[in-house]
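I opened a new notebook for this protein. My plan is to look at the whole chain first and then at single residues.

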Amino acid sequence: MTAERDAIPRPRTAVASARVFCRAVAWELLLQVRYQVVTVAVVVTVLYCVLLRLAPDSVRETLTVVVIFSDPTTLGFIFVGVLVLFERGAGTLQAVVVSPLSAVQYLWAKATSLTVVVVPCSVVIAAVSRGGLGFNVPVLVLGTGLTSVMLVFIGLIGVVRARSLNAYLVVTPLFLVPLMLPLAPYLLHTWFPLFYLVPTSGSVLLLDAAMTSAVGWEAVYGVCILVAAIVVVQRAARRSFEKHVRKAGG
């Protein structure tokens, strides 16, 4: 397998590498349509839009932040597990191992394609909640996008070790529960300094800034901690992929 892998030519130029990556993203989006990932995302988005329109005005803004934080941003985490396990079951991961696609390109193709689905859902939810675009759209896109990318990489760290969906779902709470902790001080309107150490605190701060249009140092901090977290988890995801997929032959 090592000799076969080494014999596969890798893209030698930035343009060739970009073409390989774009084709990988397009293929991932096609898979999401085929496996009904997009359909599920749309249905969930519609349900949450109905819920938010029925919610009292006094809690709608807070509920919107909670919904966008806890649902569309975690869809990437759940779906990446489903997609990778489908690929493993179909033997597609073995093809990835010997393809021109590098580990980094494979991981970023997953993160990019799932984020492309998640971000529009979040914008629609916010727009329906507000009855229009009366919020900071760029900040919302930034917060949702960065959070989605981070969670996809975290999901990849877990799923490459799993051999079944049940096994993946068992370990999911170990990742998601700590990441949900920043919702507590947000709902209590009392922010504890310790929570600034949790990367998803940046998600909550950015989403709140988007909905209130109060973009200050908290939003800048949110971007910084999410970018730093993405750098860390992307490297961890790459190491996990190399160890549990590429070296294991899929």
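**Entry 1: the fold**

How many helices and how many strands does the secondary structure of the protein come to? I counted 12 helices and 0 strands. I noted that this is a predicted model. Reading along the sequence, I wrote the pattern down as α-α-α-α-α-α-α-α-α-α-α-α.

**Entry 2: overall dimensions**

I looked up the extent of the C-alpha trace next. Along its principal axes the trace spans about 65 × 40 × 35 Å. Why does the radius of gyration agree with a compact globule? A compact globule of 250 residues would have a value near 18 Å, and the protein has 19 Å, so the two agree.

**Entry 3: inside and surface**

I then checked burial for the chain. Of its 250 residues, 48% count as buried. The accessible surface comes to about 11700 Å². Carbon and sulfur atoms own 70% of that surface.

I also looked at contacts between residues at least 6 apart in sequence. Of these, 79% join residues at least 24 apart.

Charges came last in this entry. I found 19 positive and 10 negative side chains. The centres of the two sets lie 11 Å apart.

**Entry 4: helix H7, Lys110**

I moved to single residues and began with Lys110, which is found in helix H7. Is Lys110 buried or exposed? Its relative accessible area is 0%, so Lys110 is buried. The cut-off for buried is under 20%.

Which side chain does the side chain of Lys110 join in a polar contact? The partner is Glu87, at 2.8 Å. I listed the contacts of Lys110 too, leaving aside neighbours within four places in sequence. They are Glu28, Val80, Leu83, Val84, Glu87, Val152 and Leu156. Glu87 therefore appears both in the polar contact and in this contact list, by the 4.5 Å rule for heavy atoms.

**Entry 5: helix H7, Val128 and Ser129**

I followed H7, which covers residues 103-130, and stopped at Ser129. Ser129 counts as buried because its relative accessibility is 5%. Its side chain makes a polar contact with the side chain of Thr64, at 2.6 Å. Without neighbours within four places in sequence, Ser129 is in contact with Leu52, Arg53, Arg60 and Thr64.

Val128 also has its place in helix H7. Val128 has 27% relative accessibility, so I entered it as partly exposed. Not counting residues up to four places away in sequence, Val128 touches Cys49 and Arg53. Arg53 is on the contact list of Ser129 and on that of Val128.

How many residues apart along the chain are Val128 and Arg53? They are 75 residues apart, yet their C-alpha atoms are separated by 7.3 Å.

**Entry 6: helix H8, Gly145**

Gly145 is found in helix H8, residues 137-159. At 10% relative accessibility, Gly145 counts as buried. Its contacts, leaving aside neighbours within four places in sequence, are with Thr115 and Val119. I took one distance here as well. The C-alpha atoms of Gly145 and Val117 are separated by 9.9 Å, with their positions 28 residues apart along the chain.

**Entry 7: helix H2 and the loop after it**

I went back to Ala18, which is found in helix H2, residues 14-34. Ala18 counts as partly exposed, at 39% relative accessibility. Where does Gln36 lie? Gln36 lies in the loop between H2 and helix H3 (37-54). Gln36 is partly exposed, at 41% relative accessibility.

Ala18 and Gln36 are 18 residues apart in sequence. In space they are 27 Å apart, C-alpha to C-alpha. I also looked up the backbone of Gln36. Its phi is near 70°, a positive value in a residue other than glycine.

**Entry 8: His189**

My last stop was His189, in the loop between helix H10 (183-188) and helix H11 (200-212). What is the phi of His189? It is positive, about 60°, although His189 is not a glycine. Is His189 buried or exposed? With a relative accessible area of 66%, His189 is exposed.

Methods: Residues numbered from 1 in each chain as written. Predicted model: local features only at pLDDT ≥ 70, side-chain atom pairs only at ≥ 80, totals over all residues. Heavy atoms only, no water. Helix = DSSP H or I, 4+ residues; strand = E, 2+ residues; numbered from the N terminus. Rg over C-alpha atoms; globule rule 2.2 N^0.38 Å. Buried < 20%, exposed > 50% of the residue type's maximum accessible area, 1.4 Å probe, protein only. Areas by Shrake-Rupley, 256 points an atom, 1.4 Å probe, with all protein chains shown as cover. Lys, Arg positive; Asp, Glu negative; His and termini not counted. Charge placed at Lys NZ, Arg CZ, Asp CG, Glu CD. Polar contact = N/O pair within 3.5 Å; in protein donor to acceptor, adjacent residues only side chain to side chain.
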